[in-house]
Structure formats: structure tokens, C-alpha cells
Amino acid sequence: MTRTRSAPSKSYEACEDKRSEQRLLHKWTRYSSAKLEEVEETLLSGQCVGTNDKIRTVALNRESENIPVLLLHGLGAGVGLWVLNLDAIADHRPMYAIDILGFGRSSHPKYDEDPIAAERQFVASIEAWRVAMGLERMYILGHSMGGYLACSYSITHPQR
């Protein structure tokens, strides 16, 4: 039995065309990396906390009079965790999602080796962020480690 090679199918050609288009999209401008950084900087504002640390923040619907909600991601994640939820939450109230210190595009400070002291550092950074943002009160929604930090913050600062 002899095998013969057939011409590529139309679906294969369509796939190749799509790949070519995708490669072109990555070259939409000669300065793509710089433009990407510029757009990212616009979307992700940073809020200084303390003397050297910066917390990356996504903020939507700031003009609403409702109590804002702060979203805290889990361990090994970042603000991208919330991407499918941002608009829905921001429809009803001001919404802030941050990269917790040590994650994502936020500063990466050295944390204490003692777990209790490190937890206090996380909570203190959230409080410093709240003050820097000028928020009197806020709801906090956390996922995994973010949920733990939300509880710890709420115990430490029940009036907020």
C-alpha cells in the first residue's frame, strides 16, 4: 500500500492565516513594549504606602457615593484574579483591587520571618493604603489568603 500526501485542507490553511494575523498583532507598532507599559501604567495606578512601598491599584467607579469594596487576591495571584468580576462590582459601588505588597506589580518588601509579625505587616500595608486613598470605610472581599487578610484587617480595624 502506498501512501500519498494530500494537499492541506482549508481548515489547516485558515489556521495558518490566523497565526499569521496573530503574529502581526504583536507588531502593531514599532514601540509595542513601551506602549504596553504606558497603557498598563494608566490602568494600574500605584499608591505609595510608607516611605518606599507602592501598591498597584485598579480603581473603578470612584465617583459613587456608596461604600467602596476592596478586593484582595490569594497567594500567588494578583489583580488579574478579579478580571471577570470588576465591572459587575463597579456597577454598584466604588471598586478597588490591589496587588498585595509582595505580589504582582506592587513593591516587594522584606517581610518578617515571624508569621504573626508578617501578618501585621500585611494588615498595616492595607491600612496605609486605605489612608493614602482617603477612604473612611470600606468592605473587603478576599480570596484565599486575601480572605484571611480581610478577616485579620477587620479584627484589627473594626471601625473601618
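This is a chat about a predicted model of a protein, its strands and two of its buried residues.

Biologist: Hi! To start, how many helices and strands are in the protein?

Modeller: Hello! The protein has five helices and five strands. Going along the sequence, they come in the pattern α-α-β-β-β-α-β-α-β-α. Keep in mind that this is a predicted model.

Biologist: Sure. How many residues does the protein have, and what share of them count as buried?

Modeller: There are 160 residues, and 32% of them count as buried. The exposed surface comes to about 11,000 Å², with 54% of it supplied by carbon and sulfur atoms.

Biologist: And the contacts? What share join residues at least 24 apart?

Modeller: That would be 66%, taken among contacts between residues at least 6 apart in sequence.

Biologist: Let's look at E4. Which residues of strand E4 sit on each side?

Modeller: Strand E4 covers residues 95–98, with Met95 and Ala97 on one side and Tyr96 and Ile98 on the other. In general, side chains in a regular strand alternate between the two faces of the sheet.

Biologist: Are those E4 residues buried or exposed?

Modeller: Met95, Tyr96, Ala97 and Ile98 are all buried, so both faces of E4 are covered, with buried meaning under 20% relative accessible area.

Biologist: Nice. In which sense do E2 and E4 pair, antiparallel or parallel?

Modeller: Strand E2, residues 53–60, pairs with E4 in the antiparallel sense over four bridges. Ala59 is the residue that stands opposite Tyr96 in E4.

Biologist: What about E3 and E4, parallel or antiparallel?

Modeller: Those run parallel: strand E3, residues 69–72, is joined to E4 by four bridges. There, Leu71 stands opposite Ala97.

Biologist: Back to E2 for a second. Is Thr57 buried or exposed?

Modeller: Thr57 has its place in strand E2 and counts as buried, at 1% relative accessibility.

Biologist: Which polar contacts does the Thr57 side chain make, then?

Modeller: The Thr57 side chain reaches the backbone oxygen of Ile55 at 3.2 Å. A polar contact of 3.1 Å also joins it to the side chain of Trp129.

Biologist: New topic: where does Ser64 lie?

Modeller: Ser64 is in the loop between E2 and E3.

Biologist: Why does Ser64 count as buried?

Modeller: Its relative accessible area is 19%, and the cut-off for buried is under 20%, so Ser64 falls within it.

Biologist: Which residues does Ser64 touch?

Modeller: Leaving out residues up to four places away in sequence, Ser64 touches His92, Arg93 and Pro94. Within its own loop region, the Ser64 side chain reaches the backbone nitrogen of Asn66 at 3.2 Å.

Terms used
Residues numbered from 1 in each chain as written. Predicted model: local features only at pLDDT ≥ 70, side-chain atom pairs only at ≥ 80, totals over all residues. Heavy atoms only, no water. Buried < 20%, exposed > 50% of the residue type's maximum accessible area, 1.4 Å probe, protein only. Helix = DSSP H or I, 4+ residues; strand = E, 2+ residues; numbered from the N terminus. Pairing = 2+ DSSP bridges. Contact = heavy atoms within 4.5 Å. Areas by Shrake-Rupley, 256 points an atom, 1.4 Å probe, with all protein chains shown as cover. Polar contact = N/O pair within 3.5 Å; in protein donor to acceptor, adjacent residues only side chain to side chain.
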